[in-house]
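Visitor: I'd like to learn how to read pockets and salt bridges in a model. Can you walk me through one?

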Amino acid sequence: MAERLTEQDTGPSGEMAFTYRWYRKFLQELRANGYRFRPFSASIGYGDIVLRHDMDLSVDAAVTMAHIEADLGIEATYCVLLTSSLYNPHEATHRAALREIESLGHDVALHFSTHEYWPADEPPATGDIEARVREEQSMLETIVSPSETVSFHRPPTWVLNREFDAFRSTYESALLDEIGYVADSSQRWRNNSPDVDDFPDTAQVLTHPGLWGRSDATFAERVAQATEAACGHADRTTREQFIDGETA
């Protein structure tokens, strides 16, 4: 039987807490209510949830969530941003982390930023989007075996409800408007957390692992933590390469 979410899982003002403890209980309750977790490649039907994570802020937090899900026998899709200023998927530590996530039975997919290529108010042709996506998928293929699913980073309106021949978008109508869509973007769950007893019959659930931790924190605090962690990682690896490893 799943543990019920309690007052211990809320922050000081009574809102839900963005903690791994809250997240684990949330998944347990969904499973106890009969929901099945399915990959994006599956045929999605009544009682199914597709669970997606956009890795905007932290690879380490994504690994932690991947282990929580694996412990519960749940499969999710982790979307990697190749153009992040906070982590480099090709760097050894982060490359190993992505492979660890994949080894736990999760799908790894591309988190594609249109903002690196086109202004938000100048929608490109479908073929141009597909070509750029394929280029980034090829780079991701040097690290893991990515699925054909693609999640758009901070999606402009011109990718919403749009279908592509070359890949499956997490924002196509069948996954956005035709089923429930539940997301924690900018910690929007803070004051309106999802009620498992009144959950959509079928849903896509999106979380951003960097918004979660062992203790609760605000959105601004999580962003600051991610920035501090990225700077610390850059400092350590740079010193190892250019100072500690320096030879005569």
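**Pockets and pairs**

Guide: Let's start with the second largest pocket, which has a volume of about 350 Å³. A pocket here is an open set of points on a 1 Å grid over the protein atoms alone, where a 1.4 Å probe fits, with protein on both sides within 12 Å along at least five of seven lines. The volume is the space filled by probe spheres set on the points, which are joined across faces, edges and corners. One caution: this is a predicted model, where local features need pLDDT of at least 70 and side-chain atom pairs count only at pLDDT 80 or more, while totals for chains, interfaces and linings use all residues. Residues are numbered from 1 along each chain as its sequence is written, and side-chain values use heavy atoms, leaving out hydrogens and water.

Visitor: Which residues lie nearest the centre of the second largest pocket?

Guide: Lining residues have an atom within 4 Å of a point. In this pocket there are 20 of them, with Leu57, Ser58, Asp60, Ala226 and Ala229 nearest the centre.

Visitor: Which element gives the most to that lining?

Guide: Helices are DSSP runs (H or I, at least four residues), as are strands (E, at least two), numbered from the N terminus. Here α6 gives the most, seven residues, and α2 (59-71) and α3 (92-103) each supply at least two.

Visitor: What about Thr64 in α2: what does it contact beyond its sequence neighbours?

Guide: Contact means heavy atoms within 4.5 Å. Past four places in sequence, Thr64 touches Tyr20 and Arg214. Arg214 is 150 residues away in sequence, yet the C-alpha atoms of the two are 9.9 Å apart.

Visitor: And how many salt bridges does the structure hold?

Guide: Side chains of opposite charge can pair when their charged atoms come close. The cut-off used is a side-chain nitrogen of Lys or Arg within 4 Å of a carboxyl oxygen of Asp or Glu. The structure holds nine. One of them joins Asp71 and Arg24, with the closest N and O atoms 3.8 Å apart. That pair links distant parts of the chain, helix α2 and helix α1 (residues 20-32), 47 residues apart.

Visitor: Is Asp71 buried or exposed?

Guide: Buried means under 20% relative accessible area, exposed over 50%, and partly exposed in between (1.4 Å probe, protein chains only). Asp71 is at 58%, so it is exposed, whereas Arg24 is partly exposed at 28%.

Visitor: Where do Arg132 and Glu135 lie?

Guide: Both sit in helix α4 (residues 126-140), three residues apart, about one turn of the helix. Their salt bridge has its closest N and O atoms 3.3 Å apart.
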